[in-house]
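Please open the model in the viewer and keep a selection panel at hand. The tour starts at the ligand and then moves outward to the chain.

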Amino acid sequence: MSLKIDLNGLFDFNAGNKRGVSERDLLKYNNKAKAAYSHLSELFADKNLRIELSLEWFKLPEQDSKLIKKIQKLGNEIAGKYDSVLFLGIGGSYLGLKAAQDALLSPYYNDFAGARKKRPGIYFEGNNLDPSTLSVLLKNLNPKKTFVVCISKSGETSETKAAFEITLNWLKKGAGKYYGRQVFAITDPNSGTLRKKVKEANCRDALAFRSLPLLEGVGGRFSELNMGLLHLAIVGISIKEVLSGAGAMAKRCMKPDLKQNPALMYALLHTILYREKGMALAVLMPFSEQLKSTADWYIQLLAESTGKKYERKVVFKNGAEKWKNGTKIINAGRTPISSRGTNDLHSIQQNNVEGENNKILTFIKVGRFKNDLVVPDTKDFLAGKRYGALLSVAQEGTEWALTRENRPSCTIAMSEINAYTWGELLFFFEMATAYEGELLNINAFNQPGVESYKNYMYYKLKKPGIKKEIAEEIEANPVIKKQKYML
Ligand code: PA5
């Protein structure tokens, strides 16, 4: 067990009565925790329900080892042939890959051959409609030596689609007749424009647009261990290790006893503080530069999963459980903020300590750094100290400063950052988010709020097939722009 979750700072004996959880609070919520556990374990045990309700991510640590070997081999082949790999995708089709890239590979990976260890340079695009980065990138990459991986579960997302079309044109011009052999697509096995493009390209050239299907019932933000595997293989990370870390955490987080189940306890304490004590902001602050992107990944996970307008209504149709929106508007969900120690101790920390007392900090602390440094021997008090040790004291100091002001916090301790512990970390957050969804009684596995801006774009850009009621809603409810307030 290499991940330790220290929740002491969330209790009243540290954070005070007004902002800390008491044993009485725990008792009061005990039945809710039990119900959340039983409901999720029932759902996880039923394949049809897992697929129907988008809970299949729970089974990702158990993926077939033959398939994993195949993906690992494919990644090595691509890495051996190309100088650069360009990944196109957004949201859940990007954040997990970026988190893995930064956590598990050397800092400055793209800048130095020694840091890359003979692996290709890795670039991420299609995660913004700002044209600046893609245009510069394509001017500088060599199309003959670049492999392109397009990831989109739906195959319809505008950001990814636009970047893919531009990149395909660039490849077509620069890489010759068989440019399609430098393209890989990760998308829904049956539906969407991207799948259609794969099928058309396969008809022209069987070796073009190779693809991996996405598993049914795995939502974007829960899919790093599915759609992110080829990326891990290309950069030479052991998928098996990541999955074993995730699997070990899955076991810990399926223990029925609250006191032995870190994800359930984490979710419960945060829900009590949110519901009873107004702690509506969730700051994730890794004390590690390499885990900043993992904190960014968590933003999507928590925000899209728990930020919901409606309460969940569980109904049964032909004996099978289904989830609908209830009639009650609840506008639930804590707001996640991604931060980083010690960098942000010189910015947001002032507000954390003295601003509105409405946030809970979760620190991630790393025990051992692969490339630690020692401050040279001068007369200064820092002399002879390891950076890792300084970072550790800084984290303790941050926790202490918050506790002094009755501000709750907790700490996830990782022995070191490696494929196994990172797999554990990812799965811990996924399980905790699923439990938090249960405790709030919302559907944690859809994202209707993300659809509205997409629908607006589709309507304005005249995408065929836009529903009549969506078009009418957009037309009937314009944003009011008064000239006198345009300054
Ligand atoms: O969590 C989700 O499902 C979304 O945020 C998606 O990841 C995001 O919108 C990208 O979608 P797609 O993979 O279909 O291009």
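Select the ligand first, together with the residues around it: in this predicted model, 14 residues form its surroundings. The closest of them are Gly92, Ser93, Ser152, Ser154 and Thr157. Colour this shell by residue character, and it divides into nine polar residues, four charged residues and one nonpolar residue.

Next, display side chains and examine the oxygen atoms of the ligand. Begin with Ser93, where a polar side-chain atom lies 2.6 Å from a ligand oxygen. Move then to Gln300: an N or O atom of its side chain is 2.8 Å from an oxygen atom of the ligand. The next stop is Lys454, which places a polar side-chain atom 3.4 Å from an oxygen atom of the ligand. How much of the ligand's exposed area does the protein bury? Taken alone, the ligand exposes 390 Å², and 91% of that area is buried by the protein.

Now hide the ligand and show the protein surface. The space that the ligand takes is the second largest pocket.

Finally, zoom out and switch to a cartoon representation. The chain contains 19 helices and twelve strands. Along the principal axes, its C-alpha atoms fill a box of roughly 70 × 65 × 60 Å. Does the radius of gyration point to a compact globule or to an extended chain? The chain has a radius of gyration of 24 Å, which agrees with a compact globule, because a globule of 487 residues would have a value near 23 Å.

Terms used. Residues are numbered from 1 along each chain as its sequence is written. This is a predicted model: local features need pLDDT of at least 70, side-chain atom pairs count only at pLDDT 80 or more; totals for chains, interfaces and linings use all residues. Side-chain values use heavy atoms; hydrogens and water are left out. A residue is near a molecule or strand if one of its heavy atoms lies within 4 Å of it. A polar contact is a pair of N or O atoms within 3.5 Å; within protein, one must be able to donate a hydrogen and the other to accept it, and residues adjacent in sequence count only if both atoms are side-chain atoms. Accessible areas come from the Shrake-Rupley method with a 1.4 Å probe; for residues, only the protein chains shown count as cover. On a 1 Å grid over the protein atoms alone, a cavity is a set of points where a 1.4 Å probe fits but cannot get out, and a pocket is an open set with protein on both sides within 12 Å along at least five of seven lines; lining residues have an atom within 4 Å of a point. A molecule sits in a cavity or pocket if more than half of its atoms lie within 2 Å of its grid points. Ala, Val, Leu, Ile, Met, Phe, Trp, Tyr, Cys and Pro count as nonpolar, Asp, Glu, Lys and Arg as charged, and the others, Gly among them, as polar. Helices (H or I, at least four residues) and strands (E, at least two) are DSSP runs, numbered from the N terminus. The radius of gyration is taken over C-alpha atoms; the globule rule is 2.2 Å times the number of residues to the power 0.38.
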